[in-house]
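Colleague: I'd like to learn how to read a model like this one. Could you walk me through it, feature by feature?

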Amino acid sequence: MMQMSFDYIERWLKRFEEAPLLVFWESTKACPLACRHCRAEAIKKPLPGELSSEEGKQLIRQVGEFGEPTPTSIITGGDPLTRKDLFGLVEYARDEGVPVGVAPAVSPTLTYEKLRMLRNLGVKATSISLDGATAEVHEGMRQVEGNFNETLRAITLAVNAGFMVQVNTVVWRQNAEQLPYIAELLNRMGVKIWEVFFLIVTGRAVAELDITPSEYEEVLHFLVEVSRYGIQVRTVEAPFFRRVKLERYNGVKFAGHLYKNLVSELRLLLGEPRSNTDPRFIPTRDGLGIIFVAHDGTVYPSGFMPYPLDNIRRRSLVEIYRTHPLLIKMRRAEFKGRCGKCEYRRVCGGSRARAFSRYGDPLESDPACMYTPKGGNVI
C-alpha cells in the first residue's frame with residue numbers, strides 16, 4: 001500500500017468525540033412533494049408537536065454550546081420554507097454565531113426572492129435534490145409533474161444567488177445508468193458538490209427501489225472517476241466510498257460491466273479527467289460527526305436511522321451527543337460481523353442506518369458492502 005498520512009483523519013475522529021460537524025434539523029414534516037424514497041414521510045401539513053419558534057431558538061443555542069468550531073445546522077424537512085418563522089430562525093442563528101445551511105424542496109415556495117433573503121441573512125450553502133437526468137426518471141421519484149424543469153431552474157437560481165450549491169441525488173433502480181448524464185448537468189450548471197444518497201429502507205423507501213450490493217460497488221468506483229472532474233463527491237449511507245477511494249489511490253483496478261459503461265459515457269460527455277484521484281475525505285457517518293433532530297425534538301444518529309436517543313426538550317443536544325452509550329460505541333467502531341473485523345472500520349464503518357434497517361441492530365454489519373476484511377487497521 002502506498003504510504004500516506006492519516007493524521008488529518010485522526011484529528012477529525014478526535015473532534016467528533018466532542019462535537020458533530022453537522023446538526024440536521026427536520027424543522028417540519030410539511031412538504032408539497034410526495035417523494036417515493038422520503039425518509040420523513042412528509043405530508044401536506046405540519047404535525048402536532050413540531051418545535052415552536054422559541055424551541056427552535058433553543059436548539060440553535062444548544063448547537064452553539066458545542067463550542068468552537070461551531071457545528072453547522074442544516075435546516076431541512078419536509079420543506080423548511082413552509083415554516084413562517086424560517087427567516088427569523090436563520091437571523092437568530094446568525095446572531096448566535098451558528099452557521100446555517102438550508103435544504104428546501106423544489107416547489108412554488110422556492111423563489112429567487114426567498115433565496116436572496118436567505119443569502120442576505122448569511123446562509124452560504126443550500127442543497128437541492130435531482131434524482132434523474134430526464135423528466136421521466138426524476139419525476140418518477142418525485143411524483144410531481146413538471147418538477148424536473150423546476151429543479152433545474154431552482155439550481156440555476158441558487159447558483160445565481162451566490163450560494164454554494166450542493167445537488168443531492170438518490171441512487172435507485174431507474175437512475176443508475178443516468179448518473180453520467182446527471183454529472184454532466186451539474187458540470188454545465190456550475191455545481192461543485194454532488195452528494196449521492198444510497199437508499200435505506202425507511203419512511204416511504206422500499207427495497208424494490210434499491211440497486212444490488214455489486215452495483216453499489218460499481219457505482220462507487222464510478223463516483224471516484226466523477227471526482228476527477230472538479231466535482232466534490234460525497235456519499236450518504238455508503239461510507240465505504242472512502243475505502244474505494246483509498247483502493248483506487250493505491251492502484252487497485254476495477255472493471256465491472258456497469259462501471260465500464262458509466263465511465264465510458266462520462267468520458268464521452270466530459271472528456272478526459274482533469275486530475276488524479278484525491279484520497280482525502282471527512283470520516284462522518286451516522287452518529288459520528290452527524291446528528292439529527294426530528295420535528296418534535298427527538299434526537300437520532302441520522303435522519304435515516306429511526307433509533308430514538310432522547311429529546312432536546314428533556315436533555316441538551318450536547319449531552320446526548322457526548323454521552324449516549326450507543327453513540328459512544330459507534331464512534332469507537334465497536335461493530336459486529338464483517339464491519340467489526342474490517343481494517344477500514346474507523347474510516348468507513350459501514351452504514352449504521354442500513355444495519356439497523358436490515359437487522360434491527362445499529363452495530364451489525366452493513367449488508368450492502370461486499371468487501372472481505374483482511375483484518376488489522378488502515379489507521
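Colleague: Let's start with Ser302: is it buried or exposed?

Modeller: Keep in mind that this is a predicted model. The usual cut-off for calling a residue buried is under 20% relative accessible area. Ser302 has 4%, so it counts as buried. That residue sits in the loop between β10 (298–300) and β11 (310–311).

Colleague: Which residues does Ser302 touch?

Modeller: Skip anything up to four places away in sequence, and you're left with Glu237, Asp286, Phe292 and Ala353.

Colleague: And Glu184, is that buried or exposed?

Modeller: Same way of reading. Glu184 has a relative accessibility of 17%, which means it counts as buried. You'll find Glu184 in helix α7, residues 179–189. Setting aside residues up to four places away in sequence, Glu184 touches Leu269 and Leu270.

Colleague: What about Thr169, buried or exposed?

Modeller: Thr169 is buried, since its relative accessibility is 0%. It belongs to strand β5, residues 164–171. Beyond its neighbours within four places in sequence, Thr169 is in contact with residues including Leu130, Asp131, Asn175 and Trp194. For a feel of how the chain folds back, take Thr169 and Val236: they are 67 residues apart in sequence, while their C-alphas are 9.8 Å apart in space.

Colleague: Trp194 came up there. How do I read a nonpolar core?

Modeller: The general idea is that in soluble globular proteins, nonpolar side chains tend to be buried together. In this model the largest nonpolar core has 119 residues, and Trp194, Leu223 and Leu317 have the most contacts inside it. Helix α8, residues 213–226, gives the most to this core, with seven residues. Trp194 itself, leaving aside neighbours within four places in sequence, is in contact with Val167, Thr169, Leu179 and Leu223, among others.

Colleague: Now the strands. Why is β2 described as largely enclosed?

Modeller: Count its buried residues: four of the five in β2 are buried, so the rest of the structure largely encloses this strand. Then look at its partners. β2 pairs with β1 in the parallel sense over five bridges, and with β3, also in the parallel sense, over three bridges. Ser73 is a handy place to see both: it stands opposite Val23, and its bridge partner in β3 is Val100.

Colleague: Which residues of helix α3 are buried?

Modeller: In α3, residues 86–96, the buried ones are Leu86, Phe87, Leu89, Val90, Tyr92 and Ala93. Next, ask what lies over them. Their cover includes β1 (22–26), α2 (53–64), β2 (72–76), β3 (100–102) and α4 (112–120). After α3 comes Gly97, with a positive phi near 75°.

Colleague: Last one: how do I find empty space inside?

Modeller: Rolling a probe the size of a water molecule over the atoms shows where empty space is left. This structure holds three cavities of 30 Å³ or more. The largest cavity has about 110 Å³ of space.

Colleague: Which residues lie nearest the centre of the largest cavity?

Modeller: Of the 13 residues lining the largest cavity, Cys339, Cys342, Cys348, Cys369 and Tyr371 lie nearest its centre. By character, the lining divides into eight nonpolar, two polar and three charged residues.

Conventions
Residues are numbered from 1 along each chain as its sequence is written. This is a predicted model: local features need pLDDT of at least 70, side-chain atom pairs count only at pLDDT 80 or more; totals for chains, interfaces and linings use all residues. Side-chain values use heavy atoms; hydrogens and water are left out. Buried means under 20% relative accessible area, exposed over 50%, partly exposed in between (1.4 Å probe, protein chains only). Helices (H or I, at least four residues) and strands (E, at least two) are DSSP runs, numbered from the N terminus. Contact means heavy atoms within 4.5 Å. On a 1 Å grid over the protein atoms alone, a cavity is a set of points where a 1.4 Å probe fits but cannot get out, and a pocket is an open set with protein on both sides within 12 Å along at least five of seven lines; lining residues have an atom within 4 Å of a point. Grid points are joined across faces, edges and corners, and a volume is the space filled by probe spheres set on the points. Ala, Val, Leu, Ile, Met, Phe, Trp, Tyr, Cys and Pro count as nonpolar, Asp, Glu, Lys and Arg as charged, and the others, Gly among them, as polar. A nonpolar core is a set of buried Ala, Val, Leu, Ile, Met, Phe, Trp, Tyr and Cys residues joined through side-chain atoms within 4.5 Å. Two strands pair if DSSP finds at least two bridges between them.
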